[in-house]
Amino acid sequence: MMLCSQAYSKQSDSITVEFSEVMGASGYILRAETEVGDFLSETAVTSSPGTVLQLQPYTDYTLSVMSVNSAGRSQPSAPVQTRTVVVAPQLNSTSPRNDTILVTWSPVNHAVLYTLCIIKEGSNSRLKLNTSDPFMTFDDLEPGTIYCVKGTAWDLDGRPGDDLTVCQITRPLSPGTIQVFLTQTRSGGLAVYWQMVHGADVYLAKTSTGQNCSASGRFCMISPLSCGQNHSVTVTAENRAGTSNPSDPEEFITFPCPLEQVWVDEHQAGSCWVSWNKMPLVEYYIAFVKRDDGSEERCNTTDTTCHFYCMCGYTYLITMFTYNQAGSSPPGDVFNYTTIPCCPEDVTIALVSTETLEIMWSSVRGAELYETTAGEIDDVIHCKDTAPVCALSNLRCNTQYSVVVTPCSEIRGCNRTCKPHTHETAPCSPEILSVSQTNSSSSVSVLYTAPNTPNTTYTVTAVGLTDTHTCQSLSTSCQLTQLPCGATYDVTAYARTAVGPSLSSYSVPLETGPCCPHTLTVDQVTQAMTNVTWSPAIGARSYVTALTSSRGHAKCHTMDTHCLMGCITCGTNYSVSLEAISRTGHKAECRYHGFSSSACCPSSVRLYRMANKSLRVYWHSSGPQNHTVDLIGTGTNHTCIPPPLSSSCDVAEVMCGDVYTMVVAPVNQDGSKVTFCPGRIYSGECV
């Protein structure tokens, strides 16, 4: 008969059964069942001892053994009562400090005591502690070291249950000897170095701004850094247990920030100040001022302003750097400052016509276009062009203009400081108001306007077919002298100043008075009629001849060079004048020697026969006058010269039977006798 010697439990899920083996058995079956019958398990084994698995912890089981061969199985052996042990505590380990391990677990059912055994990795020394609490703290451990802890629970029967081992590393020490270095990279970085500690898997460097880096070695890089900050950095070591305490902080400042706002003030031409706002954590500033032709200035200062010379017409590229003990800031934005365009220095103004000024100058630096204005015309922009030339036209004559050439650029606008250049336009043209002949036939007075400033010289020119006459004056009139008679001219006037001459005025035709005839003769045709003849006069088209006396006058208007004039009073002294008239009505008053008409023929002429073949002639004279008596016959002629102032005369030896014409005529002072007195017919009859 097979006996089950004993059964015991060393694991909470199994019971080991020791039994005596029997002959002829090929195997054995271990039967385990609970007392309440809710579980039955049969496990085949080949020999003793055998173990029944998959049992519940701290549970009572009834165990029996059956032998088995080819014929079947035997009856179960006498049962044995046995209880499984409690489960092992489920250990949870942490290292709250670098010299401490805390082990905790959930209370195990039916356990009344716990045993924990701790051993350092690589060491043979052990520490065993008992506790009824569900936790255990191990102190005074080495930092960064692995410790293994085995835990076992004991039941009321004093049986140890399952054991469970956990290994836990303590936290590492804090890294020491922290060093920081700022790197000169584009983005700026911080290299953090530390002394490595035992048991650390990784190190974490962290700044007071929250930036961090990690590494398993002895340094790491924090990048990018913010500029212009004052911070500290700490390093912690990490392993599976957690992080160490932070290292002592290492203070550092980052490189300064670049300047955000830069401006340039040009208080006076050529002297510029670049300015900026003060930046924190900056020890000094360096400004690089580069001109667009390549020249460069540098300014090192702890102030917030920097002076540099700025010539007109250049663009200056200003780059600012700030410095502190960490180094230089990144270069800030390049600030462009363009000075105003230069003023042209070689401005020349030429009078190209009387009312047009041509302005020329050399191109200047920085100018993209030029505005040309004249100060006397309300600063109206007359030219706005890129070319260095301008023509100001339609200007007022005889006016001083203040011309300003203003260079402009799109960036800086216009340079309004350029000095003016003055130039005067040509004098205004005078206008001839009248041309009149003076008392002298050879002079003409020309009256004109004087629209110019005082001390302007006016020149009047009379241009004829063969000659030219001029006169000059500072007033509004000028007299042309020594003009020949009977000539035509075109009269113009112009003004002249230091600038030059004006345009000529409109021409006014001038015709001098006609010339007087060189010769004039008056011949008395009858007692009451004369014939006046004269030589042709230059420039005369018609003539008015006048004989004037106190007893009356005679006048004749003709285009011929002779005129027959009646109404002449005998015995009268006449003044002789001739008025030569041109085709335009100009007149020349010509005066000649006076003319005396012949004495009047006597009236009341009577003939009386006298004795001795003589005739006595009586007449009546208009005044004291000598006469002569002519008796003209067909055969003989007789002349009687009476005594002076006598009014009768006797003619002797007059033959009878002849017909006579008797004429009594006054005798002129020159001894000539008047030839146009009428005759009387007389027939001498013989008795």
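**Exercise 1: Thr-545**

Work out which strand holds Thr-545 in this predicted model, whether this residue is buried or exposed, and which residues Thr-545 touches.

*Solution.* Start with the backbone: Thr-545 sits in strand 49, which covers residues 542–549. Next, check the accessibility. Thr-545 comes out at 0% relative accessibility, and buried means under 20%, so this residue counts as buried. Finally, look at the neighbours, skipping residues up to four places away in sequence. Thr-545 then touches Val-532 and Trp-534, plus Ala-554, Lys-555 and Cys-556, and also Met-565, Ser-577 and Leu-578.

**Exercise 2: Leu-113**

Find the strand that Leu-113 belongs to, classify its accessibility, and name the residues that form a nonpolar surface patch with Leu-113.

*Solution.* Leu-113 has its place in strand 11, residues 111–120. Its relative accessible area is 31%; partly exposed runs between 20% and 50%, so Leu-113 falls in that class. Now for the patch: Leu-113 joins Val-112 and Leu-156 on the surface, and together they have about 260 Å² of accessible area.

**Exercise 3: Arg-126**

Place Arg-126 in its strand, decide whether Arg-126 is buried or exposed, then list its contacts and give its C-alpha separation from Cys-148.

*Solution.* Strand 12 spans residues 126–131 and includes Arg-126. With 62% relative accessibility and a cut-off of over 50%, Arg-126 counts as exposed. Leaving out residues up to four places away in sequence, Arg-126 touches Cys-117, Ile-118 and Ile-119. Last step: Cys-148 is 22 residues from Arg-126 along the chain, and their C-alpha atoms are separated by 9.8 Å.

Technical notes
Residues are numbered from 1 along each chain as its sequence is written. This is a predicted model: local features need pLDDT of at least 70, side-chain atom pairs count only at pLDDT 80 or more; totals for chains, interfaces and linings use all residues. Side-chain values use heavy atoms; hydrogens and water are left out. Helices (H or I, at least four residues) and strands (E, at least two) are DSSP runs, numbered from the N terminus. Buried means under 20% relative accessible area, exposed over 50%, partly exposed in between (1.4 Å probe, protein chains only). Contact means heavy atoms within 4.5 Å. Patches are made of residues with over 30% relative accessible area and no salt bridge: like charges are joined within 9 Å, nonpolar side chains (Val, Leu, Ile, Met, Phe, Trp, Tyr) within 5 Å. Accessible areas come from the Shrake-Rupley method with a 1.4 Å probe; for residues, only the protein chains shown count as cover. A salt bridge is a side-chain nitrogen of Lys or Arg within 4 Å of a carboxyl oxygen of Asp or Glu.
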